[in-house]
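Subject: Handover of a structure, with notes on its contacts

Dear colleague,

I am passing the structure below on to you, together with my notes on what I found in it. Please have it open while you read.

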Amino acid sequence: MITDRAYSWEMKVERLGERAVILRDLPCQAYRIADSLNSNQGLFQGFQEAVPSYETVGIYFENRLQSIRDLNEMIENAVNSIWPETSPQYHDIPVCYELGEDLLDSADALGVSPEQLVEAHVSQEYTCYAVGFCPGFGYLGYLDESISGLPRRPSPRIRVEPGSVGITGRQTAIYPSATPGGWNLIGRCPLQLVDVPQNYFPIRAGDRIRFYRVDESEFGRLRGERL
């Protein structure tokens with residue numbers, strides 16, 4: 001008999017298709033649970049990967065799951081083995097806000113000046129809560145309230161340049177490669193943030209991000225360097 005929902009203390013374990021489950025009502029940050037599961041993957045037959053989002057963790061398997069009930073104890077053991085939180089990895093990231101295509105429109109929509117938007121953006125320390133959408137795209141939160149609440153653009157751009165820094169809602173992010181995108185672009189980072197062939201992905205869930213301002217001359221000098 002296939003069980004589609006099970007419970008491990010307060011945390012819910014629910015089916016997510018034939019080869020995956022999703023964990024909800026987590027006892028701590030999603031990225032910490034995903035790290036523990038990935039470190040204890042030998043506990044799970046056919047385990048592929050645990051992937052965190054803001055408030056849930058997806059666990060993916062190689063084969064179809066007949067029942068998720070047997071996973072409860074293994075998941076609970078892995079979660080209980082989470083080590084005390086260590087010092088996070090910090091990244092200081094330069095941004096040239098003068099290259100932000102939507103900076104003026106975004107500031108106007110938020111009822112602040114462009115300078116106030118920039119100051120609010122660099123004043124925060126952000127946590128990378130999840131990586132997704134494309135390789136190396138980190139979802140960073142949270143924006144200062146004064147620049148929060150901006151919706152996505154009505155029509156996404158067909159191409160967003162690598163390094164573009166965007167905001168929407170309470171989130172900010174850096175596009176690591178050229179992709180379509182609908183976030184509001186307020187600046188550009190000159191650094192290389194991913195190298196897929198060399199498996200270079202320096203920003204991971206749980207990392208802390210701080211932005212600092214550079215002018216166009218410094219942008220040109222740093223362009224192409226790795227984070």
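Arg-208 has a relative accessibility of 16% in this predicted model, and since buried stands for anything under 20%, Arg-208 counts as buried. The side chain of Arg-208 forms a salt bridge with Glu-125, and the closest N and O atoms of the two are 4.0 Å apart. Arg-208 belongs to strand β14 (residues 208-213) and Glu-125 to strand β7 (residues 125-131), so this contact ties together parts of the chain that are 83 residues apart in sequence. Glu-125, for its part, is partly exposed, at 38% relative accessibility.

This contact belongs to a wider set, as the count of salt bridges comes to 13. In general terms, side chains of opposite charge can pair when their charged atoms come close. Another of these contacts joins Asp-102 to Arg-153, with 3.3 Å between the closest N and O atoms. Here too distant parts of the chain are linked, since Asp-102 sits in the loop between β6 (90-95) and α3 (103-110), while Arg-153 sits in the loop between β8 (138-141) and β9 (157-160), 51 residues apart. Asp-102 is buried, with a relative accessible area of 4%, whereas Arg-153 is partly exposed, with a relative accessible area of 28%. Both residues also take part in a network of salt bridges, in which they are linked with Glu-101 and Arg-157.

A further salt bridge is found between Arg-226 and Asp-195, with a distance of 3.0 Å from N to O. Arg-226 lies in the segment after α5 (216-222) and Asp-195 in the loop between β13 (184-188) and β14, so far as position goes 31 residues apart, and the pair links distant parts of the chain. Of these two, Asp-195 counts as buried at 14% relative accessibility, and Arg-226 is partly exposed, with a relative accessible area of 37%. Arg-226 has a second contact that you may want to look at, for it lies over the face of Tyr-200, at 4.0 Å from the ring centre.

The aromatic residues come next, and a search of the whole structure finds 11 aromatic pairs. One of them is formed by Tyr-129 and Tyr-142, whose rings are 5.3 Å apart from centre to centre, with 35° between the planes, which makes the pair tilted. Tyr-129 is in strand β7 and Tyr-142 in the loop between β8 and β9, 13 residues apart, and the pair is listed as linking distant parts of the chain. Tyr-129 is buried, with a relative accessible area of 18%, while Tyr-142 counts as partly exposed at 29% relative accessibility. Tyr-142 also carries a charged neighbour, as Arg-170 lies over the face of its ring, at 3.9 Å from the ring centre.

Which arrangement do the rings of Phe-137 and Trp-183 adopt? Their centres are 5.6 Å apart and their planes stand at 90°, so the pair is edge-to-face. Phe-137 lies in the loop between β7 and β8, and Trp-183 in the loop between β12 (179-181) and β13, so that this pair ties together parts 46 residues apart in sequence. Phe-137 is buried, with a relative accessible area of 1%, and Trp-183 counts as buried as well, at 3% relative accessibility. Together with Phe-133, Tyr-139 and Tyr-175, these two residues form one aromatic cluster.

Finally, there are the nonpolar cores. In soluble globular proteins, nonpolar side chains tend to be buried together. The largest nonpolar core here has 27 residues, of which Leu-117 and Phe-211 touch the most other members. The elements that give two or more residues to this core are β6, α3, α4 (114-123), β7, β10 (164-168) and β14. Leaving aside residues up to four places away in sequence, Leu-117 touches Leu-103, Ser-106, Ala-107, Leu-110, Val-112, Ile-147 and Ile-186. A second core, separate from this one, consists of 22 residues, including Leu-26, Ala-30, Ile-59 and Leu-71.

With best regards

Notes
Residues numbered from 1 in each chain as written. Predicted model: local features only at pLDDT ≥ 70, side-chain atom pairs only at ≥ 80, totals over all residues. Heavy atoms only, no water. Helix = DSSP H or I, 4+ residues; strand = E, 2+ residues; numbered from the N terminus. Buried < 20%, exposed > 50% of the residue type's maximum accessible area, 1.4 Å probe, protein only. Phe/Tyr/Trp six-rings, centres within 6.5 Å; stacked < 30°, edge-to-face > 60°. Lys NZ or Arg CZ within 6 Å of the ring centre and 35° of its normal. Core = buried A, V, L, I, M, F, W, Y, C linked by side-chain atoms within 4.5 Å. Contact = heavy atoms within 4.5 Å.
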